[in-house]
Amino acid sequence: MLKSFTYGAAARAINASALTLFVSVAAVGAARAETLELVALGDSLTQGYGLPQGEGLVPTLQAWLEDQGADVEIVNAGVSGDTTAGGLSRVAWSLTEETDAMIVALGGNDLLRGISPDTVRANLDGILSEAEARDLPVLLVGLIAPPNYGPDYKRDFEAIYTDLSQEYDTLLYPEFFANLRDDEGNASPDRISAYMQPDGIHPNADGVDRIVEDMGPVVLELLEKADG
């Protein structure tokens, strides 16, 4: 009788331990499932060109979001030198079943090459169409065109982002470098020396901090849409 009781007690103890382990594993799995995956599709501005590891846009934004209490993992899908055509060619395999939202920050290299706004629009349209097909919320990040190519090019290029954002109902951050400009909206020499790398194209670590400080709340809004 004592032997039978001991065996039964041991069995109950094992079952209880197994149940506790199962509940613990399930809880860990549920916690992990709540972590949102955010793909940042972009070029060298996203990739972190010229900056030490940990000081680029993605890790800085990751840290900022975590400080705000967001449970998110950002996938750095930034490729230096990429144009909107390059982004279109790889968007399908950059997104997975685990992806919950996407940032699209492309167009800078198109500007540097003077690529037709019609071509840029078509490429970004294709990227947003892919996101729409997957029912993914998107933050579209725009750029201000320099005056080099004339007023028509500038007008047509800048309209791409506002037009497509409205068409696809995305969030819009109109100008990547907005928080690096002075009160008049100009990229003054003082601002360039303070917040840009020597090439005058890519932000330094202080510049990235300012960009994230301004863009971060919009990214939080994107995560809210993804989690809704």
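Let's start with Asp-163, which sits in helix 7, residues 151–168. Keep in mind that this is a predicted model.

How exposed is Asp-163? Its relative accessibility is 33%, so Asp-163 counts as partly exposed. Buried would need under 20%, and exposed would need over 50%.

Now its partner. The side chain of Asp-163 makes a polar contact with the side chain of Arg-121, at 3.0 Å. In sequence, these two residues are 42 apart. In space, their C-alpha atoms are 9.3 Å apart.

Next, the aromatics. How many aromatic pairs does the structure hold? Four. Take Tyr-149 and Tyr-153: the ring centres are 4.8 Å apart. The planes meet at 50 degrees, so this pair is tilted. For reference, under 30 degrees would be stacked, and over 60 would be edge-to-face.

Are these two tyrosines buried or exposed? Tyr-149 has a relative accessible area of 36%, so Tyr-149 is partly exposed. Tyr-153 comes in at 11%, so Tyr-153 is buried. Both belong to one aromatic cluster, together with Phe-157 and Tyr-161.

On to the pockets. A quick reminder: rolling a probe the size of a water molecule over the atoms shows where empty space is left.

The largest pocket holds about 630 Å³ of space. Its lining has 27 residues. Which of them lie nearest the centre? Ile-144, Phe-177, Arg-181, Gly-200 and Ile-201. Three elements give two or more residues to this lining: helix 2 (44–47), helix 5 (108–113) and helix 8 (189–195). Helix 5 has the largest share, with four residues.

What about the chemistry of that lining? Nonpolar residues number 16. Six are polar, and five are charged.

Now the second largest pocket. Its volume is about 170 Å³. Which helix gives the most to its lining? Helix 6, residues 117–133, with three residues. The lining includes Leu-128, Ala-131 and Glu-132. Further along the chain, the lining takes in Asp-135, Leu-136, Pro-137 and Val-138. Tyr-168, Asp-169, Thr-170 and Lys-225 are also on the list. By class, this lining has six nonpolar residues, one polar and four charged.

To recap. Asp-163 and Arg-121 are joined by a side-chain polar contact. Tyr-149, Tyr-153, Phe-157 and Tyr-161 form one aromatic cluster. The largest pocket has about 630 Å³, and the second largest has about 170 Å³.

Technical notes
Residues are numbered from 1 along each chain as its sequence is written. This is a predicted model: local features need pLDDT of at least 70, side-chain atom pairs count only at pLDDT 80 or more; totals for chains, interfaces and linings use all residues. Side-chain values use heavy atoms; hydrogens and water are left out. On a 1 Å grid over the protein atoms alone, a cavity is a set of points where a 1.4 Å probe fits but cannot get out, and a pocket is an open set with protein on both sides within 12 Å along at least five of seven lines; lining residues have an atom within 4 Å of a point. Grid points are joined across faces, edges and corners, and a volume is the space filled by probe spheres set on the points. Ala, Val, Leu, Ile, Met, Phe, Trp, Tyr, Cys and Pro count as nonpolar, Asp, Glu, Lys and Arg as charged, and the others, Gly among them, as polar. Buried means under 20% relative accessible area, exposed over 50%, partly exposed in between (1.4 Å probe, protein chains only). A polar contact is a pair of N or O atoms within 3.5 Å; within protein, one must be able to donate a hydrogen and the other to accept it, and residues adjacent in sequence count only if both atoms are side-chain atoms. Rings of Phe, Tyr and Trp (its six-membered ring) pair if their centres lie within 6.5 Å; planes under 30 degrees apart count as stacked, over 60 as edge-to-face and the rest as tilted.
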